[in-house]
Amino acid sequence: MKRLALLAALVVLFAAPIAAQGPDARVRLYWLQAPESLRIVAHADAASVRLCSPCTNAGVVAPLEVKAVGNQIEAKPGPWRGDSVEVEGTYRVEVPGHAALTLAYPITVRAGDGRLQLTVTMPLEDYVAGVLAGEASSFRSAESLTAMAVAARTYAARFRGRHQAEGFDFCDTTHCQDLRLRAVTDRLEEAAEATEGELLWYDGLPAATYYHRHCGGSTETARALDPELRAPYLRAQHDGFCTAKDPGEWQAEVTKEELRQALAAAGIETPVSVQSLAIVERTPSGRAERLRLSGSGAATVSATDFRFAVGRALGWNRIRSDLYEVRDLGDRFLFRGRGHGHGVGLCQVGAAQMGEAGKSYREILSFYYPGTALGLTAQGLGWQARAGERVELLSTRPTEDQSLIALAERLLRGAEQRTGWPLGQRPQLRVYPSVEVYRNATGQPGWVAASTRGQVIRLQPARVLREAGTLESTVEHELLHLVVESRAHPRLPLWFREGVVLYLSQARSAVPSGDPSIGLEQLERMLSQPRSEEELRRAYAAARARVEELVARHGLPAVLGWVEAGLPAAAGAHRSR
Ligand SMILES: [Zn+2]
Ligand SMILES: [Zn+2]
């Protein structure tokens, strides 16, 4: 990877108002229940709507009624008809029959066969937090949640291509992973955040990290899900953790007639009347593998197909796993079993129990996926933390990067002195082992040296920045942003935030002189969505020049006062959309 173009190009992403960059995960919402119509309500003036065919910017509009008409979209007010509606910023989606969903990710709504197709583009770690909300919200220990975050992230990395032909990465159902954006909490976000980018690797590839609810006391091999998969880390082994918490026993009665109908509905060939059912083959873990149905004729079916057919027709809570015995009760069968789900890989009840018993997330993962390596790369480089007095360092090479702590603390003191604003929080410097890992984790192009979200400053490898001569200016820039953002009025335009930071920077910086012909609205766009390194560089220069001018005219104390109080109209308080 080439890094010739690296300079003090720094983009700051703050959690809420600014859409994150980079197509991290394109997620289809309401995949199985695609609505025919919906309403989009922009959040105050913090959203923008584009109507496409070709695109025209509709700005912020009153509640938008969107309806699918064949493969086209009809929107009101308007009326307008076209191919898609795109919304950025913060908005609420109201789908009939569902609770409203407030989102801050760019969304595209298209139509197909009279149904609306909603695709959001979100940072991968936000997707992981959303999956935790769907799959692990009841986990009490932080370590078990963290283990689940790594499993969910690795699963996503491994199976990302599944919906490629349909134009997105993941659906929001258990076909991919159960996503519940409405139920995301700070705790779930932190679990994802704590292991950002960490995957489980096997043989140079992200592992196929299957997981399930409850293994019933023994996990299953990969063969049950994919006979082709070479995954020795998915093996049949005893699990005493889940059963210590809850034996996971269940029983279900299914009438022979219900069974015949369920199998027929799934297209499974059966005898005309099912009289008896026998388990003729079991898997290494003792699960039913093949069943023999007989009556007037006989047929052998896979136990998994059988369970899916019953689940679809009669509900998923009847026959919950393939780990069961069957008894014939005349007109019905009695299934008595243990566990919930396919039993392959991580057992969620067991993992939750391991966490409560004090096991670390590494121990949980190596128990359920033995032989895999945990790390940011296939070489198994993992995060290690070092704590300074004021800042924390997360690095894969802590010995090499240790000196960044002292550098950052010195720069932070300088930033606090120049502004007079002590920083209450404790920033974390996260140094990536390679430009490639940095790009994958942040979604930033390689020419963006660092990006900040919340209190986490993500940096390209220190060696790369040092060679480019921009290590100090990069770290200073990001720290100044944290200090400024900790005081910033919520409606402060980007150009002013950026300009103040650049004005206050002491480290040598490669920003050229400003171009006065760039208007404020254009400047906001260039800063929030730079199309190139060159454009971002020009935007920085223009932002700095404007703030320099304000300081020359009004003095630095007045300008810093505006950071907290908001920008007066005379100073360019225009807020761009
Ligand atoms: Zn899917
Ligand atoms: Zn288990």
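Start with strands S8 (residues 84–94) and S10 (residues 107–112) of this predicted model. They run antiparallel, and 3 bridges join them. Pick out Glu86: Thr108 in S10 stands opposite.

Keep S8 selected and add strand S9 (residues 101–103). This pairing is also in the antiparallel sense, over 3 bridges. Click Tyr91 to find one bridge; Leu103 is its partner in S9. Now trace the link from S8 to S9. The two strands form a hairpin, with 6 residues between them. Stop at Gly97 in the turn, where phi is positive, at about 85°.

**The zinc site**

Next, select the zinc ion (ligand 1). Which protein atoms serve as its donors? Show His163 (NE2), Cys171 (SG), His175 (ND1) and Cys176 (SG). They lie 2.0 to 2.3 Å from the ion. Check the angles next: the 4 donor atoms subtend 100 to 118° around the zinc ion, which makes the arrangement tetrahedral. For four tetrahedral donors, the ideal angle at a metal is 109.5 degrees. Along the chain, the donors follow the spacing H-x7-C-x3-H-C.

Now isolate His163 and Cys176, a pair that links distant parts of the chain, 13 residues apart. His163 sits in the loop between helix H2 (142–158) and strand S12 (170–171). Cys176 is in the loop between S12 and helix H3 (186–194). Are these two residues buried or exposed? Both His163 and Cys176 are buried.

**A three-stranded sheet**

Move on to S17, S18 and S19. These 3 strands form an open sheet in the order S17-S18-S19, with antiparallel pairing. Strand S17 (274–282) and strand S19 (297–302) stand at the edges; each has a single partner strand, so one side of each is left without a neighbour in the sheet. Look at the twist: neighbouring strands are turned by 20° against each other on average, direction ignored.

Zoom in on S18 (residues 288–295), which 6 bridges join to S19. Select Gly295 here; Gly297 is its bridge partner in S19. Then add helix H6 (residues 303–314). H6 lies across S17, S18 and S19, running at about 90° to S19.

**Confidence**

Finish by colouring the chain by pLDDT. The mean is 88, and 93% of the residues reach 70 or more. Where is confidence lowest, and where highest? Strand S1 (residues 10–12) is lowest, at a mean of 43. Strand S22 (residues 346–347) is highest, at 98. Last, select residues 1–23: pLDDT stays under 50 there, and the model has 74 contacts for them beyond four places in sequence.

Terms used: Residues are numbered from 1 along each chain as its sequence is written. Chains are lettered from A and ligands numbered from 1 in the order in which they are written. This is a predicted model: local features need pLDDT of at least 70, side-chain atom pairs count only at pLDDT 80 or more; totals for chains, interfaces and linings use all residues. Side-chain values use heavy atoms; hydrogens and water are left out. Donors are N, O and S atoms within 2.8 Å of the metal (3.2 Å for Na, K and Ca); water is not among the atoms, so sites may look incomplete. Four donors count as tetrahedral if all angles lie between 85 and 135 degrees; four count as square planar and six as octahedral if opposite donors are over 155 degrees apart and all others between 65 and 115; anything else is irregular. Helices (H or I, at least four residues) and strands (E, at least two) are DSSP runs, numbered from the N terminus. Buried means under 20% relative accessible area, exposed over 50%, partly exposed in between (1.4 Å probe, protein chains only). pLDDT is the predictor's confidence in each residue, from 0 to 100. Contact means heavy atoms within 4.5 Å. Two strands pair if DSSP finds at least two bridges between them. Axes are lines fitted to C-alpha atoms, for helices over the stretch in contact, and angles run from 0 to 180 degrees between N-to-C directions.
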